[in-house]
Protein chains: 2
Amino acid sequence: MSNAPLKIGLGIIGFGTVGQGVWKHLAATRRNMEMRLGVKIELIGVCVRDPDKPRKVKIPRTQILTDPFALVQDPRVNIVCELMGGTTLARDITLHALRLGKSVISANKALICEHGMEIFAAVSQHGGQYFFEASVAGGIPVIKSLREGLVANCFSEIVGIINGTCNYLLSRMEKESLSYETALKDARRLGYVEADESLDLDGVDAYHKAVILAFLAHGKWVPRKNTLVEGIRNVTLEDIRRASDFGCKIKHLAVIHRDFSKGTMTLGVYPALIPLDSILARVDGVHNGISLTGDVVGTTTLVGRGAGQDATASAVIGDIVDAIRALKGAAFKFLTTEDLESYATLGSTARMATLEEILSRFYLRFSLRDKSGVSAEVYRILAEEGISVARVIQYEHAGTQRGTHTLSTYPVSEAAMERAVRKLRKLRSVLEPPLVLRILAPAS
Amino acid sequence: MSNAPLKIGLGIIGFGTVGQGVWKHLAATRRNMEMRLGVKIELIGVCVRDPDKPRKVKIPRTQILTDPFALVQDPRVNIVCELMGGTTLARDITLHALRLGKSVISANKALICEHGMEIFAAVSQHGGQYFFEASVAGGIPVIKSLREGLVANCFSEIVGIINGTCNYLLSRMEKESLSYETALKDARRLGYVEADESLDLDGVDAYHKAVILAFLAHGKWVPRKNTLVEGIRNVTLEDIRRASDFGCKIKHLAVIHRDFSKGTMTLGVYPALIPLDSILARVDGVHNGISLTGDVVGTTTLVGRGAGQDATASAVIGDIVDAIRALKGAAFKFLTTEDLESYATLGSTARMATLEEILSRFYLRFSLRDKSGVSAEVYRILAEEGISVARVIQYEHAGTQRGTHTLSTYPVSEAAMERAVRKLRKLRSVLEPPLVLRILAPAS
């Protein structure tokens, strides 16, 4: 098998922001993916309306095509990435590919919302596959979590911030006391609002995504008439301030609720007040966040980038890998020889950093005898090791003749800090071993 | 194929908290899983040391066995759940099962940390499978996200709260101004601390988990000597208060950092200060949270229950489903006929709730003409519809002869609120259409 790896041909329909992102990142990760999966991945071509339109991501002219059906029918193409958007031609192409038994990957929430039932039926009838992780919450693997990781659960509640534009607008209004109109003007300028603004501002985009989540959680395609769909146009800065008086933040949410005892469910998309101390209240800007409450696992919350070229490409590529694994069929196992070899290769490119190389900001707490010159000794030691102090809070303990110093440092190596602490411990005026904690700023 | 479904036999080794949880939830979800996967799942038996020990989850005496090797060798057993813990007998049983080409599912982080290289090699040599989602962060699908959903990424930074006990202690100290000793006493009473306390309190458990994450992200088994491993025994209430003065919280973190340009990586487990407004700072109590920063997707954060019978069972059952999918091999596709049928069955048990059935708390904002009796009219309408007001903030706009009222209600139906708003809009003293927002308290 490893002598003649399975060949996987990939066709991309649509070469806008997402299509270009997928091509760009695939080019970068293809070798690694091939090694891990034990296959050969060929980018057969990209289908566009206008081949001469200038694009940031350059591809050979021979791989730019204009007939999507021809690309889909190309016998070399096993996997079709439908990244063109829309619900008419995209539907025809998708169904055509599925009827040929091919695997289709999509980021098209409107298409799935409107024609999911027909598409899914075509998948099961013709033995193809359909993956759509990128259709909801961009780079966050929420569909995989619902379908796979959390598959043991029935979901009584799903609450999500799944429209980045609404979240961006509400965050800007709140943090900078902007009016809705001013925030909207900025969002437009930054290209954060869809051409058809109603999709974002009236909750339609969030509704599309919520319908997909509801189907995956509850097996029901929820028609629009059974839902509460509201946008954020009527939310004012005044409401945001008032919400804070009520201990809350206003977020545009998709809410899918299921009552298993009554046999009912609800789907709503609307701005709502949620408590300031909830995790979703911390999800600001264009980020998305989704809380899934299952009967076995409790609540799991996923937060990340819900849109944009790169995050969406990450989801599409994850789907491509899943599609390839399924295409390998019986030959695919978790932790195959190829898989282990790719880990070994990856691992061989990294060595453990030495303590001299690891930099961090530090928090330092030590107690000093209340004697003149004592602080000077301490700061001399820190200076010797090149440790710059950023902030100090010092206080005395009344009647004890000792004072506690806490300080934060600028970035310095672990080794330097270790040497400094060793010296500090030898000082008679330092009353107990100093406590050293690192200060981190995790990305979010 | 649907006429003679594949039979999948399951053996569970170890019947403590986790084993019993898996058995309990499997019994509840088995029919649904069978339908979805198009297989027949048989619980062959459970292996224990003492069959007569009283247990909360009751199973037929014939299914209680005492020889783990016999259970593993039983030709009916395809999937072995190793839930006994420990690193000696568990290692022997695991390797024995893998050499027979079986699928093994484990929650045993210490075993994987110490013998992962040997175990993984046995998987790839003998064509078995090994799944271990439950070994890190309990019910949170972080391993699946790393290996599958986010597979397009190289991870420059992984920061996680992955020891629930440390997080519980630090949260209690912070929120209730408790000393470390008092918080620890409570944690012991609640059974939150491992029998070998050092595993939790000195960071060893978090180190085991971090090693697994580091291997999955970077293909390197990091030896203990190359790491910074510290527990929380030296963190005092004073430090927690001081951290807050520095705009931070103290969390016990696992930090895996990789610098792709220098070719170095670091792995550390220690208490650290992180900014109050980071998402991880919101992860309190026994919860776990992990931020994964990838070069394509940016940062994705997963938060949820990191331990406990049910959350761990959720992860184990997710792994069982994955194992079955792979065992089905070429017959497994995403959205098979069986899959769609199970969605249809699931969907048939739910109907959309009517507006009379959907209850919510509401936020209401309306402007009133400044005239006596006006408020009385409004509150009469709310009362007519059975709407109880929880809190009111009312203020006047100087010189405008109008006042703005905002209020929150107790739970009431959507229909009642709709009727009330319709009536309010007809009042001449209500100056513009009232704004209605729902007030939610998402689980977290």
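Which residue of S13(B) is the bridge partner of Met265(A)? In this predicted model, the bridge partner of Met265(A) in S13(B) is Met352(B), and that pairing belongs to a wider meeting of the two chains, in which 109 residues of chain A are in contact with 109 residues of chain B. The points below take up the contact between the chains, then the domains of chain A, and then a pair of helices in chain B.

**Between the chains**

- On the side of chain A that touches chain B, the residues divide into 55 nonpolar, 35 polar and 19 charged.
- Strand S10 of chain A, which covers residues 264–275, is joined by two bridges to strand S13 of chain B, which covers residues 351–352, and these strands run parallel.

**Domains of chain A**

- Chain A is divided into domain 1, made up of 6–137 + 311–348, domain 2, spanning 142–306, and domain 3, spanning 359–439.
- Between the C-alpha centres of domain 2 of chain A and domain 3 of chain A there is a separation of 47 Å.

**A helix pair in chain B**

- Helix H5 of chain B (residues 142–149) packs with helix H9 of chain B (residues 204–218) at an angle of about 10°, and their axes are 10 Å apart.
- Because angles under 35 degrees count as roughly parallel, this angle makes H5(B) roughly parallel to H9(B).
- H5(B) makes the contact through Ile143(B), Leu146(B) and Arg147(B), while H9(B) contributes Leu213(B), Leu216(B) and Ala217(B).
- Sorted by character, the residues of this contact of H5(B) with H9(B) comprise five nonpolar, no polar and one charged.

How values were computed:
Residues are numbered from 1 along each chain as its sequence is written. Chains are lettered from A and ligands numbered from 1 in the order in which they are written. This is a predicted model: local features need pLDDT of at least 70, side-chain atom pairs count only at pLDDT 80 or more; totals for chains, interfaces and linings use all residues. Axes are lines fitted to C-alpha atoms, for helices over the stretch in contact, and angles run from 0 to 180 degrees between N-to-C directions. Helices (H or I, at least four residues) and strands (E, at least two) are DSSP runs, numbered from the N terminus. Angles under 35 degrees count as roughly parallel, over 145 as roughly antiparallel, 65 to 115 as roughly perpendicular and the rest as oblique. Two residues are in contact if their C-beta atoms, placed from the backbone, lie within 7 Å. Ala, Val, Leu, Ile, Met, Phe, Trp, Tyr, Cys and Pro count as nonpolar, Asp, Glu, Lys and Arg as charged, and the others, Gly among them, as polar. Two strands pair if DSSP finds at least two bridges between them. Domain bounds come from an automatic or database domain assignment.
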